[in-house]
Amino acid sequence: MKSTSLSLIAGAVALAAVTGFAALNVPGDAGATEAGAPSRLPVERSSLLCPAPGLSDLAETAYTSFTPPANGDGEAGTAELKSPAAGKKKDEKDKSEDKSKDKSKDKSKDKAADSDKPVVALKEPGKPVTADVSGSDAPALVGTATGRLAPGWSTQQTTTVEAGDGRGVLGVSCTAPDTDFWFPAASTAKTREDYVNLTNPDDTAAVADIELYGPDGTLKSDVGEGITVPAGSGVRVLISTLTSKAADDVTVHVTTRTGRVGAVVRTADSKTGSDWLTASAAPAGTLVLPGIPADATSVRLVAFAPGEDDADLTVRLLGKTGPFAPVGNEDLHVKSRMTAGVDLKNLTRGEAGSLLLTPTQKDRATPVVAALRVVRGKGDKQEVGYIPATGPVGAQATVADNRSKGSTLSLTAPGAAGTVEVTASAGSKAGTPVSKTYKVAAGTTLAVTPPVPSGLKGTYALTVRTQSGGPVHAARTLALPQDGIPMFTVQTLSDDGGTVEVPVAEQDLSVLDD
């Protein structure tokens with residue numbers, strides 16, 4: 001008679017695999033500290049998608065890729081971002097070469113091979129790498145990290161457009177593929193030109209649906225259904241072409257019928273410039289929107305309740321010394337499946353803060369999604385940025401592409417006080433990592449100039465790790481002023497999913513074979 005041990009960790013492995021952005025291999029007993037106690041293991045594979053940078057010939061895009069260093073051994077792995085069509089083009093060229101002995105085609109083969117080279121290739125954990133591209137033809141990028149480069153892998157895409165309607169600093173942390181995205185704060189107004197960017201990393205076509213919701217409910221559209229995103233390709237959809245109705249505040253809902261995509265909205269306004277709008281955190285009764293700049297001249301909150309029930313929300317700004325209610329906007333009523341927008345004006349009054357949305361009645365928490373449209377500057381020197389609702393930093397969160405000047409890190413503790421450690425990585429060209437610990441009082445926002453690597457040359461990454469206390473939410477503002485315009489972009493930081501909690505069976509389960 002023989003026995004085969006079964007472990008409950010198999011379920012965790014399957015769960016990691018179906019997410020599409022992380023997978024892990026779990027050995028033996030998973031290293032649990034005691035019987036029945038869960039342990040956390042690093043993922044061994046991660047995926048990222050970066051949208052096509054823009055529509056302007058003046059666009060200058062910088063990529064910064066980084067994986068935080070971690071303890072333990074493992075395979076070195078790779079982390080590369082390349083055009084999703086590069087491999088496909090190379091395969092087609094290779095097949096063409098097999099059918100012909102014409103030596104004149106050798107150059108075409110070499111060119112195809114060059115096109116398959118990664119735009120960004122990370123070499124080792126702990127040290128960021130950078131790459132630059134120019135113009136409007138720069139493609140979307142897809143990539144996979146394996147081995148020691150997978151846990152916490154992040155890439156920042158920062159595009160600068162100095163002039164034109166799309167001018168501004170457009171920043172986005174490249175995202176994992178998924179099947180469901182919510183984007184409050186988009187618009188179909190005549191002054192806006194907002195595009196949904198869809199990127200398919202897989203070898204088979206994906207089919208996506210785009211739904212629009214305005215202040216009065218659904219904005220009906222037949223052309224938003226069944227949008228095919230070819231394998232290894234990207235598609236841009238101008239939101240205003242999906243409906244005949246102009247609305248200042250629109251919530252965009254992207255889902256897939258088949259396959260997975262990366263989705264992000266590129267906004268452009270004729271007066272306030274452009275930036276990326278990333279997806280809100282999943283619908284929830286309580287939301288945190290961190291990192292409103294101290295000098296914001298206009299703040300607009302856009303919220304949406306996707307379910308059948310209306311939502312009544314309490315609105316609070318978490319400032320330097322504690323929470324307070326915006327005068328005249330202490331509460332917000334959001335009707336079911338209708339987009340609600342409210343102008344909070346100069347909410348911060350010279351003091352950085354974060355917005356906290358909670359149910360007015362604690363026993364009635366209606367799930368909502370939300371985002372902020374933030375403007376800095378005045379007159380013809382205005383610049384826009386967006387802050388979606390986001391989850392806490394959790395075990396670890398990272399944002400790349402920080403410069404020697406211009407970065408502000410906002411940390412907020414919406415509940416109990418929390419303590420985090422912030423580590424500035426080595427520089428992309430030179431520099432020694434530096435760490436600093438911050439304590440964030442309950443109900444406050446702490447805005448700091450983050451640590452800078454000693455002897456910095458190039459750019460660097462910031463990694464925030466929870467040390468103790470309650471959840472801490474974070475955002476990084478990158479300010480790159482140009483010709484008197486306070487150009488900026490805000491990236492929120494949420495748990496990078498670099499580790500997975502693995503449950504372990506309290507006892508050995510056996511299958512007995514005769």
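These legends accompany several close-up views of a predicted model.

**View 1. The whole chain, as a setting for the close-ups.**
Let us start with the full picture before zooming in. This predicted chain contains three helices and 41 strands. Of its 514 residues, 51% are buried. If you like to think in contact maps, take the contacts between residues at least 6 apart in sequence: 80% of these join residues at least 24 apart. The exposed surface of the chain comes to about 22800 Å², and carbon and sulfur atoms supply 49% of that area.

**View 2. Strand S31 and the two strands it pairs with.**
Here we follow S31, which spans residues 407-413. Six of the seven residues in S31 are buried, so the strand is mostly covered by the definition used here, under 20% relative accessible area. One partner is strand S38 (residues 473-479), which runs antiparallel to S31 and is joined to it by six bridges. In that pairing, look for Leu409 standing opposite Arg476 of S38. The other partner shown is strand S35 (residues 444-448), also antiparallel to S31, with five bridges between the two. To find your place along S35, pick out Ala447, the bridge partner of Ser410. A general point helps when reading such a view: side chains in a regular strand alternate between the two faces of the sheet.

**View 3. The disulfide between Cys50 and Cys174.**
By the distance rule applied here, the structure has one disulfide, and this view is centred on it. Cys50 is joined to Cys174, with an S to S distance of 2.1 Å. For those who like torsions, the angle about the S-S bond is 110°, making the link of Cys50 and Cys174 right-handed. The pair links distant parts of the chain, 124 residues apart: Cys50 sits in strand S4 (residues 45-50), while Cys174 belongs to the loop between S11 and strand S12 (180-186). Cys50 is buried, with a relative accessible area of 0%, and Cys174 is buried too, at 7%.

**View 4. The salt bridge between Glu383 and Arg167.**
The structure holds nine salt bridges, and here is one of them. The closest N and O atoms of Glu383 and Arg167 are 3.0 Å apart. Glu383 lies in strand S29 (residues 383-388) and Arg167 in the loop between strand S10 (154-161) and strand S11 (168-173), so this salt bridge ties together parts that are 216 residues apart in sequence. Are the two partners buried or exposed? Glu383 is buried, with a relative accessible area of 0%, and Arg167 is buried at 8%.

**View 5. The salt bridge between Asp209 and Arg257.**
In this pair, the closest N and O atoms of Asp209 and Arg257 are 2.9 Å apart. The salt bridge links distant parts of the chain, from Asp209 in strand S14 (residues 206-214) to Arg257 in strand S18 (residues 250-258), 48 residues apart. The two ends have contrasting surroundings: Asp209 counts as buried at 13% relative accessibility, whereas Arg257 is exposed, with a relative accessible area of 51%.

**View 6. The salt bridge between Asp194 and Arg192.**
Our last stop brings together Asp194 and Arg192, whose closest N and O atoms are 2.7 Å apart. Both Asp194 and Arg192 are buried.

Key:
Residues numbered from 1 in each chain as written. Predicted model: local features only at pLDDT ≥ 70, side-chain atom pairs only at ≥ 80, totals over all residues. Heavy atoms only, no water. Buried < 20%, exposed > 50% of the residue type's maximum accessible area, 1.4 Å probe, protein only. Helix = DSSP H or I, 4+ residues; strand = E, 2+ residues; numbered from the N terminus. Pairing = 2+ DSSP bridges. Contact = heavy atoms within 4.5 Å. Areas by Shrake-Rupley, 256 points an atom, 1.4 Å probe, with all protein chains shown as cover. Salt bridge = Lys/Arg side-chain N within 4 Å of Asp/Glu carboxyl O. Disulfide = S-S within 2.5 Å.
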